[in-house]
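This report covers a ligand site and one helix pair. The structure is shown below.

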Amino acid sequence: MSESGAGTGAASHGRAAAVLAAARPAAPWRLGAGFLLPFALVVAVFFLIPAVLTVILSLTDVSVATGLRDFRWVGLENYRRILTDPVAGLVLRNTLLYVGATLTLFNVGLALVLALATAFLPQRWGGFFRAVWLLPRITPSVVYVLMWKYFAAEPPYGVINQVLAALGLPAGGNWLYEHPWPMVIAINGFVGASMGMIIFSAAIQAIPREQLIAAQVDGAGTWALVRRVVLPQLRWPALFVAAYQTLSLLASYEYILLATDGGPGFYTTEVWALYAFHTALSNYFGNAQYGLGAALATVLVVIGLVASVLYLRFFNFRQLTQRPRIEVS
Amino acid sequence: MLGSLSETQRPARWAWLLLVPVTLPVLLLYAWLLVASWSDGMEGFRPLGFTLENWSFLWQPDPFGPNIAQLTLNTLLFAVLVAVGEVLLASTAAYALARLSVPGRRLWLAMLIVLHAFPGITLLVALFLLLRQLGLYDTLAGVVLAKIALELPFHVWVLKGFYDQVSWDHEMAALLDGASRLTTWWRVVLPIIRPGLMASAVFAFLSGWSEFLLPYVLAPGADVQTLPVYLGSLLSQADVARYGTVTAVAVFYMIPVMLVYLFLQRYLMVLYTGGVKR
Amino acid sequence: MRIRLDGVTKRFGAVTAVDGLTLELEPGRLVALLGPSGCGKSTTLYMLAGVLRPTAGDIYFDDVRVNDVPPQRRNVGMVFQSYALYPHMTVFENIAFPLRMQRLPEGEIRRRVHEMAELVRVEALLDRRPEQLSGGQQQRVALARALVKRPALLLLDEPLSNLDAQLRQAMRAEIRRIQRELGVTAVLVTHDQTEAMTIADWVVVMNAGRCVAQGTPYELYQTPPNRFTASFIGHPPMNWLQGRVSGTRLQVDGLPVYLPLPAAARDDEVAIGIRPHHVQLVAPGRGHLDGRVTMIELLGHEKLVTVEAGRSVASMPGGAGDGAAGLRLQALVPADAAVVEGEAVGVRLPVSRLHLFRLSDGSRVALPGAAARRPVAGPVAAAPGDAVADEPAEESAGTAG
Amino acid sequence: MRIRLDGVTKRFGAVTAVDGLTLELEPGRLVALLGPSGCGKSTTLYMLAGVLRPTAGDIYFDDVRVNDVPPQRRNVGMVFQSYALYPHMTVFENIAFPLRMQRLPEGEIRRRVHEMAELVRVEALLDRRPEQLSGGQQQRVALARALVKRPALLLLDEPLSNLDAQLRQAMRAEIRRIQRELGVTAVLVTHDQTEAMTIADWVVVMNAGRCVAQGTPYELYQTPPNRFTASFIGHPPMNWLQGRVSGTRLQVDGLPVYLPLPAAARDDEVAIGIRPHHVQLVAPGRGHLDGRVTMIELLGHEKLVTVEAGRSVASMPGGAGDGAAGLRLQALVPADAAVVEGEAVGVRLPVSRLHLFRLSDGSRVALPGAAARRPVAGPVAAAPGDAVADEPAEESAGTAG
Amino acid sequence: GGQGSQAPAGDQEAGGAGSSGGEQGVQTVTLRAMTIGKPTEHWRFDNLKEAVERLNQKLEQEGANVRVQLEGTHEDRPWDEYKQRFILAAEAGKAPDIILSGHEDVAPWAAAGHIIPLDEYVKDSPVYQDVFPTLWESVTLDGKIWGIPQDTEARPLYFWKSHLKQLGWTDEQIAQLPERIEKGEFTLDDLLDLAKQLQDRGIVPEGQGLWTRPQPGVDFYMFYLAYGGAMQDPETGKLVLDKQALLKEYQFFARARELGVLKPSLLGTDWSIWHRTVTSKQVGLWVGGSWQVAEWQDQYGLSDADVQDLGYALLPAGEKGQPGVTLSHPLVYMVTKYSQHPELAARLILEATNPEFNTRHAVESNHLAIMKSQLDQPAYKENRLLGDLAYMVEYAGFVPLHEQFGNYDQAIYRGLSAVVAGQMTPEQAVDTVVQQLQSQLRDEVIIR
Ligand SMILES: Nc1ncnc2c1ncn2[C@@H]1O[C@H](COP(=O)(O)OP(=O)(O)OP(=O)(O)O)[C@@H](O)[C@H]1O
Ligand SMILES: Nc1ncnc2c1ncn2[C@@H]1O[C@H](COP(=O)(O)OP(=O)(O)OP(=O)(O)O)[C@@H](O)[C@H]1O
Ligand SMILES: [Mg+2]
Ligand SMILES: [Mg+2]
C-alpha cells in the first residue's frame with residue numbers, strides 16, 4: 001500500500017501516504033482493553049470470584065468449627081433453614097420497610113433536596129451545608145450512633161427530650177425504644193443522604209448554564225426549572241444513587257446493630273443483613289456459620305438483583321448507555 | 001450555582017428555610033460531640049464539668065494502646081492508596097465503558113450493580129480464601145486491592161455519569177489536534193470532569209479513612225492498623241467504654257477528613273463550561 | 001413594548017462589555033444590533049432578558065424599571081447564540097416548553113408546536129433529541145422555541161447564522177411576519193448586514209460597548225453618521241482614502257486632481273469613503289487614477305475587483321507620500337464584465353458617491369446634495385450603472401496644485 | 001493531499017445522513033460544501049476527519065484508504081460547528097494544544113500561537129477561558145487552533161458564521177492565504193454562498209446526503225447543471241416558472257407570449273428559472289407580464305422587489321391554471337430606483353437569462369448560446385442592465401396559442 | 001545448630017515461631033501470642049511476657065539448648081473481629097502459638113483443629129491441682145483439656161446497703177442477705193418484692209427497682225439456671241432447652257414488668273447511661289459484673305464510701321431451698337496447632353499461671369481468682385470485693401461448650417426481649433423460641 005502511495009504522489013504526498021499507510025488500521029479495542037483490563041482484573045479477582053465463591057459456600061456447612069477444609073456439601077440445607085425460620089418473614093418485612101423508607105425519604109429524597117437547595121445558595125454557603133452533611137459519613141459508626149443514643153436517651157441525658165422540655169413540650173422516654181423505626185431510618189438516612197447530595201450536586205453543576213437560563217427566559221420559575229430541566233438531567237445519577245443505595249441499604253446492618261441491635265423487643269428492627277450477622281456471622285459466642293451466612297447473603301443478592309433489574313427498566317438503561325460517537329480511534 | 005443563574009434572581013430564601021431546619025439536627029449532633037469531648041459527662045446539652053482528660057491520648061499515649069501518630073500515618077497511607085487506586089482504575093474503566101466501543105458495555109455496567117448487592121461481610125471468607133491462594137493474605141497490597149475492588153463499581157458508575165456529560169466535539173477536536181485517544185482522555189476529558197474525579201476521590205478517601213475490618217482481619221500482621229481500629233477498640237467492650245475519650249478521638253479523627261474535604265470542595269463544585277454550543 | 005436603556009453599563013471584572021448604552025426601542029419595531037465581534041451585543045441581549053444585571057444604568061420596559069425583574073417574569077423569547085436546547089427533551093418538548101410554563105391545555109400546545117415546527121421546517125424531526133440534529137436544525141428548533149410563546153419582547157442572538165441562504169431568507173420572512181403579526185418588539189443580533197437591512201426597522205450600530213449610530217437601515221447605509229458606521233455597514237466594505245477639504249474643493253491624497261464639492265465645508269483633514277459598487281473601472285488613463293487589477297473575487301452575479309494604484313501612478317505634487325505609495329481600491333462589477341487579473345485599468349470616483357468624515361473625530365462632513373435620494377425617471381429598472389452614466393457631468397476635475 | 005470519497009454512505013440508525021457520496025478533491029484546492037441544513041455536510045467532514053467511520057464506501061487520502069485511520073494520525077485541522085474549545089484551557093492553551101501534541105519546543109509554540117492569535121485578532125484574549133469569550137471570539141479561537149498546526153487537510157465547518165461581515169472578509173482572505181501558502185487541501189462547509197463563491201476553487205452541492213452538482217463557482221452559478229443547484233446557488237434565489245419547450249419555442253405558463261429559444265431542444269415540460277437581478281421592471285404593459293409590487297426589501301445598494309402577477313393578468317390560453325393563479329417574481333433593482341409598494345409594474349424576462357430544467361428529472365436543458373460568457377466591449381464597467389439593453393432585439397415575442 | 005538458623009523465612013512465618021542464634025548452640029525460639037482485653041487487662045499478655053524469664057531460667061537449669069522469647073499483641077477489640085482475625089490467620093497457617101479467648105471457643109476451634117489438647121503438658125503440672133476444678137471443666141471437651149484458664153469473674157446481684165436501710169433493714173439483716181440467698185432463703189420472688197418496696201418508698205424511681213444488663217450477654221442464663229434450667233446434655237454434649245425453666249424465667253420478667261420494677265425499655269439502653277444511672281443510686285437491685293466496680297470508680301466517680309455502700313450477692317434461686325446462682329465466663333489460653341513448639345508454648349502458659357501473676361491481674365481488673373493459692377495472696381485478701389466474691393466461683397456455672405451456642409443464645413435473648421417489651425406473653429415467647437431453635441439447630445438441641 002505504501003509503495004503505490006510513494007510511487008504515484010509527489011515527494012510530500014508520498015511521505016504523507018507513507019505515514020497514513022503506516023498507521024495500520026487502528027485496533028479500536030486496544031485502548032478500551034487497556035483501560036478496562038486493570039479494572040476488570042481487580043474486580044474479577046477481588047470481587048467477582050469472591051462473590052461466586054460465596055454462592056458456592058452457601059451450599060456447604062462451612063463454619064468456624066469445620067474450618068475451611070473439612071466442610072461438607074449440604075445442598076440446599078442452608079436455604080431450607082432460612083425458609084423454615086419462623087422469623088425470616090418478619091425480618092424480610094423489616095428489611096423492605098427499612099430500605100424503602102430510608103431510600104425514598106433520605107438517600108434519594110433528602111439528597112435531592114439538599115443538592116438542589118445548596119445549589120440555590122451562594123457557593124460558599126452551599127459548600128458549608130454540604131460539608132455539614134458530610135460529617136455523619138466521616139464519623140466512625142460507633143461514635144455516630146453514640147451521639148444518636150444520647151440524643152434519644154431518656155431524661156436527663158437525652159438531648160431530644162431536653163430540647164422538647166425547653167420548648168415546653170412533653171418529653172418522652174427513650175426515643176430509640178419508643179420510636180425505633182423512625183430513629184433507625186433517621187440514623188441511617190442522615191448518613192446516606194450525603195452520597196446522593198454530592199453526586200446530585202456535581203451533576204447539577206454539569207448542566208450548561210445557558211440551558212438553565214434559556215429555561216428561565218422561557219418562563220420557568222424555580223420549581224419548573226428544577227422539575228423540568230434539572231431533574232430530568234439527573235436521571236443517570238438518580239438511577240445510580242437509587243440502585244446503589246438500595247443495595248447498600250440491603251446489605252447494611254452496622255448502624256442498626258449499634259443503635260438497637262435489632263430490638264427493642266422481638267426483632268422489631270432486625271433487618272436481613274443484621275439477621276445474617278446475628279445468626280451466622282457474629283462470633284461473640286462460638287461458631288460463625290459461614291455457609292449459612294453465605295446463603296443469607298445470596299438471598300439478599302437475589303432481592304438486590306430483582307430491584308436492580310426493576311431500576312434498570314424504570315430508568316431505561318438502554319437509553320442511558322448510548323453508542324459512542326467516535327467510531328475510529 | 002442555580003441561585004446565581006440570572007443576576008436578577010432574588011436570593012433563594014426558600015433554600016435557607018429548607019436547609020436550616022433539616023440541617024439543624026446534624027449541627028446539634030456535632031455541637032454535642034464537640035462539647036462532650038471537653039467535658040466529664042453530658043446531660044443533654046449540659047456538660048457535667050470541663051476536663052482535658054479526654055484529650056490526654058494526644059500527649060499521654062496509652063502505654064498499652066497503639067501510637068496515635070503511627071496510626072494516623074497508617075490510616076493516611078491506606079486511605080491515599082485506596083483513593084488513588086480507585087480513582088485511577090475507575091476513571092479509566094468508566095471512560096472505556098462510557099466512551100469507547102468495547103464489547104459488552106451494558107453487561108459490564110449491569111454486572112457492577114449486581115456485584116454491589118453482596119454485603120461486604122459475607123464476602124470476607126471468600127476474600128480470605130482468595131487472598132490466601134494468591135499469597136496476598138496479610139499484605140498491605142492484598143487489603144488495598146480488596147478494598148479497591150469492593151468499591152470500584154461505585155466509582156465506575158459515578159464517573160460514567162460524568163463522562164456522559166462531556167461533549168463529543170471536545171474529544172473529536174482533541175483527536176484532530178493530533179492527540180491520541182489516550183492523550184485526549186488525559187489532557188482534555190479528565191480536566192473537564194474534574195469535579196467528578198474529586199467527588200470520587202473524596203468518597204474513596206473517606207471510605208479508606210474509616211475502613212478497619214479489612215485491614216484488621218485480612219492483614220493482621222501488616223502495619224496497616226488504622227485509627228478506626230483504635231477507635232473501635234475504645235468501644236469494643238462497650239460496658240467499659242471511656243466515652244469521653246471516644247468523643248475526643250472521634251473529633252481528632254474527623255479533623256483531617258474535614259480538611260481534605262474543604263480543600264477539595266473548591267474543585268468539587270467548579271465545572272468547566274463553555275467553548276461549545278450544546 | 002417600549003424598551004428604554006438608560007446609561008446601561010456591564011462590566012465583567014476588568015472587562016467592560018457594555019459601556020453606558022442609552023437606547024430607546026419603539027414598540028413593535030424590529031431592531032437590529034450590529035457591531036463587530038465582542039462589542040457587547042450578546043451582553044446587551046442578556047441584560048434585556050434579565051440574565052445579567054446592569055452594573056450601572058437602568059432598563060425600562062414600558063416605563064417600568066426592570067433591572068431586578070427575573071427572566072421568567074419578563075415574557076421574553078430568546079434564541080441563544082449557542083441554541084441552548086434542552087438535551088433531555090425531544091424537539092417537540094423543547095418547543096412545547098415555554099407553553100407548558102404557561103400551563104396551556106395539551107391540545108393547544110400540540111397545535112401550536114406543530115404549527116411552529118412546520119414554520120421552521122422541523123416537523124419531521126419532532127421526535128429527535130437535539131444531539132441527533134444538525135447545527136442548522138438545532139438553530140431552527142431554538143427559533144421555534146423562542147417564537148412559540150408569542151413573547152412581548154423577542155431577542156434573537158444570531159438566530160440564523162447556521163442556515164443556508166434560502167432557508168435563511170425564508171426564516172427571516174417568517175420572523176418578520178410573526179413579529180409584525182404579534183406586534184412584539186424584537187431585538188436581533190446579527191453579523192449579517194443583509195439580514196439587518198432586510199428585516200430591521202431600525203439599526204443600532206455598536207462598537208466597544210457603545211452605541212455609535214442608529215437609524216433606519218436606509219439612512220445608515222446612505223448617510224452613515226460617522227466613519228465607523230460607514231466602514232461597518234455595506235458589503236463589501238467601503239474603500240478608504242485620505243484627503244483634505246477646503247471650501248468646495250476636495251484634495252484626495254494620491255490623486256493628481258481636485259474634486260469639486262457641491263457645497264462648501266469647513267476646511268479639514270478628512271477620510272474619504274466610497275463603496276466598491278460606486279467605483280467605476282474605465283479604460284486606463286480615462287479615470288481619476290490608473291492601477292492594475294491584482295485580484296478578482298466572484299460574488300455570484302458580481303465580482304469584486306481589487307485595483308492597486310500604488311507606484312505605477314506617477315508621483316504627484318501635493319499627494320501625501322503614504323497614500324500614494326500603495327493606494328488600493330475595490331470595485332464591484334458585473335460577474336461577466338471582462339476584467340482580468342494583472343490588467344491595467346482606470347478608476348473613476350464619482351464625487352456624489354463619496355462619504356467624507358473628519359479625521360479628527362470620525363464625524364460625517366455633511367454636504368447638501370451629496371449621496372441624497374434621487375428620483376429615477378424612465379423605466380424603473382435602472383441598473384446601478386445608470387448612476388455612473390449620469391455623473392460625469394457633475395465632475396469637473398482640475399489639476400491639483 | 002488528494003482526497004477521494006468512493007460511494008461513501010453514513011447511516012445513524014434509520015437516518016441516512018450521507019448517501020453514496022463519490023467525490024474527488026484535487027490537492028491544494030479549497031472545496032466548498034454547500035447544501036441545505038441537514039444535508040450531511042458536517043457528517044461528511046466528520047468522516048474525513050476520521051471521527052465517524054463510513055457505513056459503506058471508502059475514503060482515500062493520496063490513494064491510501066483511510067477508513068480505519070484514526071483522526072490523530074490524519075493530520076487534519078478542523079473548525080467545529082460548535083467550536084469545541086477546551087473549556088478548561090485558556091485561549092493560549094487552546095491554540096497551543098495541537099502544537100504541544102507535536103512536542104514542539106516551548107519557544108516555537110509561543111511564537112506560533114501569538115502569530116496565529118494576531119491573525120484572528122484574539123491576541124488580547126489569550127488569558128481568558130472560552131466561557132469568557134463572545135461567540136465570534138470563540139469561533140476565531142477555534143479557527144486559530146485548526147490553522148496553527150498547518151495541517152495537511154483543513155476542514156472548516158461554518159468557520160465564520162458568527163463573524164461580522166468585515167471580520168469575515170478578512171478571515172476569509174486569511175484562510176485563503178494560509179491555505180494557498182501551505183498548499184493544503186481544504187474543505188469548507190458554509191451556508192454562505194458568497195463565501196463559497198469567493199474563496200472556493202471548487203464547489204460541491206449536496207442534497208439529502210448526495211452530491212448533486214460540482215464545479216467551479218462560476219460554472220455552477222452560470223450554468224447550474226440541475227434545478228436544485230440553480231435554486232440553491234445565487235442570492236437572492238431564482239424565480240421559478242413552469243412551461244414547456246417545443247423546438248425553439250418556450251411557452252411559459254401564465255404568460256401570454258412565446259419566447260423564442262436560440263436553439264432547438266427536445267420537447268418537454270420544463271421549470272424555468274431566472275435570477276432576480278435579471279428580472280427587469282418596466283412600465284406596466286411594456287413587459288412580458290404585469291403585476292403589482294407587494295414587498296420591497298432593502299439590501300444595501302440594491303433592493304429586492306416582489307411582484308405578484310396573480311389574477312391581475314388576464315387568463316391565457318395554454319397557460320397552466322396553477323402558475324397563472326399566483327405568479328410571484330422577485331427583481332433586484334438599485335436601492336435608489338423609484339419603486340413603491342402597491343405600484344403596478346411590468347416585468348420583462350430576458351430570454352438569454354433563463355435557465356431551463358426538465359420537470360421530469362430536474363436536469364438542465366442545454367441551449368447553446370444561452371447564458372454563455374459574453375465579452376464586454378467598451379468601458380469595462382458594464383452594468384447588468386447593459387445586457388437588458390442588448391436584448392430586446394433577441395426577443396421576438398409572439399402571441400401564445 | 002550453627003551460628004544462626006538456616007530455616008527459610010517462610011518456615012518462620014508459617015510456623016509462627018522463629019529462631020535466631022544466641023550463645024553457641026543455644027537456639028532462641030520466638031513464640032507469638034494474641035490476647036484481648038481492656039488496658040486494665042494487660043496482664044493477660046504481660047504475664048506471659050514475664051513468664052518468659054521464668055521459663056528461660058528453668059530451661060537453663062534443665063540444660064536445654066533453647067530459649068524462648070515472646071512477641072504478640074494485646075488488643076482492645078470487639079470480640080467477633082478478634083476471633084475472625086484469629087480464625088483466618090489460623091486458616092492461613094499464620095496463627096500465633098498462643099491465643100487467649102473465651103472458654104466457649106474451645107468447642108469450635110477444637111473441632112476445626114486450630115487448637116491442640118494440652119493434657120500431656122498440664123496434667124503433670126502443679127498448676128493442674130491449684131486451679132479450681134470447675135474451671136478445668138469449662139475447658140474440657142471430649143475428655144480432653146484444651147485450654148488453661150486465665151481468669152474468671154462473678155456476676156453478682158448488686159444493691160445499695162443504704163437503700164435497704166431506708167427500708168428499715170438493720171445492718172445485720174443487710175449483712176445476712178448474701179448468705180440467705182446462698183442458702184435459698186431468699187428467692188427471686190422476694191427479690192421482686194424488695195424491688196417493688198424500694199420503688200414504692202420512692203427510694204428509686206419507677207421502673208428502676210430491678211435491672212439487668214441492657215445488652216445481650218450470659219447474665220440472663222442465671223435466671224434460667226435459677227429456675228432449674230439446664231443448657232447442655234452432659235452425655236451427648238447437645239444443647240438443651242428446658243421449656244419449663246424458660247417459661248418461668250420469662251414469667252419472672254413479665255411479672256417484673258407488670259409490677260413496674262423493670263422498665264420495658266431497659267434492654268437497649270446505652271451502656272454509659274446504664275452505668276451512670278446505676279452508679280447514681282437510681283437503681284434498686286441489679287445484676288452486673290464483678291469487673292464493673294473498678295470501672296465505676298474509675299469512670300463514673302464511684303467514691304470509696306459508695307463502694308462501701310455497695311452490697312452483692314448471688315442471684316437468688318427461683319424456689320426456696322435452692323442455692324443462689326451465678327455464671328462465669330472464664331478466659332483461657334490455648335495453644336494452636338500451628339505452633340512448632342507446642343510444648344514450650346504450653347510451658348510458658350503454665351509459667352504464667354501462678355498465684356502471684358494471676359492475682360495482680362485479678363486485682364487490677366477485678367476478676368476472680370482461678371487458683372486456690374491465690375486466695376492466700378495478700379493483695380487478693382486486701383481487696384474486699386474480691387475477697388467477698390471469691391466464694392462465688394464455687395457456685396458458678398458456665399455457658400456450654402457448643403458450636404451453636406450463639407444461635408441458641410440469640411433465640412432465647414430475643415424471646416426475653418419480646419417479653420420485657422410486652423410484645424409477647426411468656427408462653428408465646430417460649431413457643432417461638434422452641435420453633436426457632438428447632439429450625440436453626442435441628443437435632444443439635446434437645447427440647448425438654
Ligand atoms: N447522531 C445522529 N443520530 C441521528 N441522526 C443524526 C445524527 N447526527 C446527524 N444526524 C442527521 O443526519 C443528517 C445530516 O446531519 P449533518 O450534521 O451532517 O447536517 P449538516 O449538513 O451539517 O447540516 P447543518 O448545515 O444544519 O449543520 C441530519 O438530518 C441530522 O439530523
Ligand atoms: N463572563 C465574561 N467574563 C469576561 N469577559 C466577558 C464575559 N462575557 C463576555 N465577555 C467579554 O465581553 C465582551 C462582549 O461580549 P459579547 O458576548 O456581548 O459580544 P458580542 O457582541 O455578542 O460578540 P459576538 O458577535 O462575537 O458574539 C467581549 O469582549 C467578551 O470577551
Ligand atoms: Mg454574541
Ligand atoms: Mg452541520
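## Polar contacts of ligand 1

In this predicted model, a backbone N or O atom of K41(D) lies 2.7 Å from an oxygen atom of ligand 1. Two side chains also place polar atoms by the ligand: that of R128(C) has one 2.5 Å from an oxygen atom of ligand 1, and that of T43(D) has one 2.5 Å from a ligand oxygen. Ligand 1 on its own has 640 Å² of accessible area, and the protein covers 90% of this.

## The shell around ligand 1

There are 19 residues around ligand 1, of which R128(C), S134(C), S37(D), S42(D) and T43(D) come nearest. The site is shared between chains because the residues that surround the ligand come from chains C and D.

Three elements each supply at least two residues of the shell: α4 (135–148) of chain C, and β2 (15–25) and α1 (41–49) of chain D. Sorted by class, the shell has 11 polar, five nonpolar and three charged residues.

## Helices α15 and α16 of chain A

In chain A, helix α15 (residues 272–281) packs against helix α16 (residues 290–314) with axes 8 Å apart and an angle of about 170 degrees. Angles over 145 degrees count as roughly antiparallel, so α15(A) is roughly antiparallel to α16(A).

On the α15(A) side, the contact is made by W272(A), A273(A), Y275(A), A276(A), T279(A), A280(A) and L281(A). The α16(A) side contributes Y290(A), L292(A), G293(A), L296(A), V299(A) and L300(A). The contact between α15(A) and α16(A) has 11 nonpolar and two polar residues, and no charged ones.

How values were computed. Residues are numbered from 1 along each chain as its sequence is written. Chains are lettered from A and ligands numbered from 1 in the order in which they are written. This is a predicted model: local features need pLDDT of at least 70, side-chain atom pairs count only at pLDDT 80 or more; totals for chains, interfaces and linings use all residues. Side-chain values use heavy atoms; hydrogens and water are left out. A residue is near a molecule or strand if one of its heavy atoms lies within 4 Å of it. A polar contact is a pair of N or O atoms within 3.5 Å; within protein, one must be able to donate a hydrogen and the other to accept it, and residues adjacent in sequence count only if both atoms are side-chain atoms. Accessible areas come from the Shrake-Rupley method with a 1.4 Å probe; for residues, only the protein chains shown count as cover. Helices (H or I, at least four residues) and strands (E, at least two) are DSSP runs, numbered from the N terminus. Ala, Val, Leu, Ile, Met, Phe, Trp, Tyr, Cys and Pro count as nonpolar, Asp, Glu, Lys and Arg as charged, and the others, Gly among them, as polar. Axes are lines fitted to C-alpha atoms, for helices over the stretch in contact, and angles run from 0 to 180 degrees between N-to-C directions. Angles under 35 degrees count as roughly parallel, over 145 as roughly antiparallel, 65 to 115 as roughly perpendicular and the rest as oblique. Contact means heavy atoms within 4.5 Å.
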